[in-house]
Amino acid sequence: MLVFLGLLTSFLSFLYVTAPSIRKFFAGGVCGTNVQLPGKVVVITGANTGIGKETARELARRGARVYIACRDVLKGESAASEIRADTKNSQVLVRKLDLSDTKSIRAFAEGFRAEEKQLHILINNAGVMMCPYSKTADGFETHLGVNHLGTGVTTYAVHPGIVRSELVRHSFLLCLLWQLFSPFLKTAREGAQTSLHCALAEGLEPLSGKYFSDCKKTWVSPRARNNKTAERLWNVSCELLGIQWE
């Protein structure tokens with residue numbers, strides 16, 4: 001037993017000593033483009049923390065006018081203030097958007113259209129995971145209502161990897177595991193790289209609708225590529241939201 005504990009202790013010590021190298025190895029791709037964004041308008045949902053915040057920071061650094069669309073306006077203003085100070089870009093704005101309430105979504109859209117003539121980049125970053133069972137203001141199960149119906153249709157789907165973020169806050173077990181293995185997880189900045197790649201890299205137009213991970217197109221299961229299933233999901237989603245498309 002003592003020998004086993006000794007070996008386990010030695011193994012864990014080795015892991016933590018080598019953690020920076022291991023995490024760097026698994027950190028994934030990096031957005032390599034140097035494109036600048038003066039005059040461009042960006043909306044990022046859930047950008048008051050985590051991956052969204054780091055994405056907003058980088059796009060602001062490149063000169064874009066960035067709208068942080070989030071439920072908690074006070075947290076949004078705190079994030080925006082930090083980003084403005086860091087990037088010297090005063091055009092980082094906060095607008096209320098609660099993806100669990102379609103009235104809030106419509107109000108945000110109408111307000112944005114009144115402020116801006118164009119939207120150049122939309123990053124649907126906000127989402128929830130492992131919430132206790134609850135329903136949105138419109139009566140939808142929270143995960144479905146926020147992550148699918150509230151977010152709507154995206155141009156690209158991206159997987160950021162396993163990132164130290166607040167996404168796991170509803171699960172005590174995952175929070176514990178995230179703390180234990182935090183030296184091996186991606187930082188929020190590293191997790192933002194694929195979103196930045198899809199937003200900034202040139203020549204991705206032919207890949208619209210594809211799935212990206214670590215800044216490159218990746219494999220998608222056959223079920224996710226089934227056009228009949230996709231059409232059915234689209235139609236059901238429109239029925240749930242009361243939307244008619246001409």
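Buried means under 20% relative accessible area, exposed over 50% and partly exposed in between, using a 1.4 Å probe and protein chains only. The views below come from a predicted model, in which local features need pLDDT of at least 70, side-chain atom pairs count only at pLDDT 80 or more, and totals for chains, interfaces and linings use all residues. Residues are numbered from 1 along each chain as its sequence is written, and side-chain values use heavy atoms, with hydrogens and water left out.

**View 1. Helix H3 is mostly covered.** Let's start with the helix itself; helices (H or I, at least four residues) and strands (E, at least two) are DSSP runs numbered from the N terminus. H3 spans residues 50-61, and its 12 residues reach 17 Å from first C-alpha to last, close to the 16 Å expected at 1.5 Å a residue. That expected span is 1.5 Å times one less than the number of residues in the helix. Of the 12 residues in H3, 11 are buried. You will find charged-letter names such as Lys53, Glu54, Arg57 and Glu58 among them, along with Gly50, Ile51, Gly52, Thr55, Ala56, Leu59 and Ala60. Just after H3, glycine 63 takes a positive phi of about 100°.**View 2. Threonine 55 sits in helix H3.** Which residues does threonine 55 touch? Leaving aside residues up to four places away in sequence, threonine 55 touches Ile44, Ile123, Ala192, Ser195 and Leu196, where contact means heavy atoms within 4.5 Å. Threonine 55 has a relative accessible area of 1%, so it counts as buried.

**View 3. Tyrosine 67 and phenylalanine 112 form one of 2 aromatic pairs in the structure.** Rings of Phe, Tyr and Trp (its six-membered ring) pair if their centres lie within 6.5 Å; planes under 30 degrees apart count as stacked, over 60 as edge-to-face and the rest as tilted. The rings of tyrosine 67 and phenylalanine 112 are edge-to-face, 5.3 Å centre to centre with 80° between the planes. This pair links distant parts of the chain, 45 residues apart: tyrosine 67 belongs to strand S2 (residues 65-70) and phenylalanine 112 to helix H5 (residues 102-115). Both residues, tyrosine 67 and phenylalanine 112, are buried.

**View 4. Phenylalanine 108 and phenylalanine 112 stack within helix H5.** Their ring centres are 6.3 Å apart and their planes lie at 25°, so this pair is stacked. The two phenylalanines are 4 residues apart in H5, about one turn of the helix. Phenylalanine 108 is buried, with a relative accessible area of 14%, and phenylalanine 112 is buried too, at 11%. Taken together, ring pairs link Tyr67, Phe108 and Phe112 into a cluster.
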